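Visitor: Please show me the model and let me ask how its labels are justified.
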Amino acid sequence: MALLIGADLRRLFSTFEHTAFRLEVRESYYEWDQLSQFLAGEPVDVSDMDGWLALIVKLRVAGKRFERVRVVSTPFSDYTRFGLWLSRYNVGAGEDIRYLDRKAAVDLPNHDYWLFDSSRLYRMHFTDENEMLGAELVEDAATVVAHNRWRDAAWHHAIPYVDYVKAYPGALEHPTGA
């Protein structure tokens, strides 16, 4: 299985025509330094997001959509609280992020994926320690159709970021209130 990483993976985000959708089902990811800063109540260095956020803005201005559904457990883990706090940057750049309670996601796959223009599917692979290994192109038509159905189901039931954080006051606050 060949996995896209680095520049090859980033190139996917300059080659789609209309939509980029991500389903995230993992309990945590690999931003350990930022998570530690967040939990310690320190300023969080988000400068590594600058390129990503600039890309979202550029593509949104061009009329393209970035959509993401995050499946989360309640009560929230430290990582989920950090992710809620961090999402303000993505949403501010134009990404539409929505949240879905894990209990309502039983019919969804147990893996992350990117779906571009409803036709190009990339399954994300991670180590047991949540480090991203890369993205695997999946070309089987029936599998692509199934992932489109899962996208639609997740999107239908997920709650937009702004509404979600209103439903959980204080969940997105930095420990220092910043």
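Visitor: What pattern does the protein follow along the sequence, and how are helices and strands assigned?

Guide: The order is α-β-α-α-β-α-β-β-β-β-α-β-α, with six helices and seven strands. Helices are DSSP runs of H or I with at least four residues, strands are runs of E with at least two, and both are numbered from the N terminus. This is a predicted model, in which local features need pLDDT of at least 70 and side-chain atom pairs count only at pLDDT 80 or more, while totals for chains, interfaces and linings use all residues. Residues are numbered from 1 along each chain as its sequence is written, and side-chain values use heavy atoms, with hydrogens and water left out.

Visitor: How do you know whether the radius of gyration agrees with that of a compact globule?

Guide: The rule is 2.2 Å times the number of residues to the power 0.38, and the radius is taken over C-alpha atoms. For 178 residues a compact globule would be near 16 Å; the protein has 16 Å, so the two agree.

Visitor: Why is N130 called buried or exposed?

Guide: Buried means under 20% relative accessible area, exposed over 50%, and partly exposed in between (1.4 Å probe, protein chains only). N130 has 13%, so N130 is buried. Buried residues make up 46% of the 178 residues.

Visitor: And what makes D117 count as it does?

Guide: Its relative accessibility is 21%, therefore D117 is partly exposed. D117 sits in the loop between β4 and β5, and N130 in the loop between β5 and β6 (132-138).

Visitor: What is notable about phi in D117 and in N130?

Guide: Phi is positive in a residue other than glycine in each case, near 50° for D117 and near 75° for N130. Most residues other than glycine have a negative phi, and most peptide bonds are trans. The bond from T74 to P75 is cis, with omega near 0°; P75 is in the loop between β2 (65-72) and α4.

Visitor: What makes a set of residues a nonpolar core?

Guide: Its members are buried Ala, Val, Leu, Ile, Met, Phe, Trp, Tyr and Cys residues joined through side-chain atoms within 4.5 Å. The largest such core has 26 residues, and F66, F82, W85, W114 and F116 have the most contacts inside it. Its largest share, five residues, comes from α4. A second, separate core of 16 residues includes V71, A105, L121 and A158.

Visitor: Which residues are in contact with F116, leaving aside neighbours within four places in sequence?

Guide: Contact means heavy atoms within 4.5 Å. F116 is in contact with L12, F13, F16, T19, A20 and Y122.
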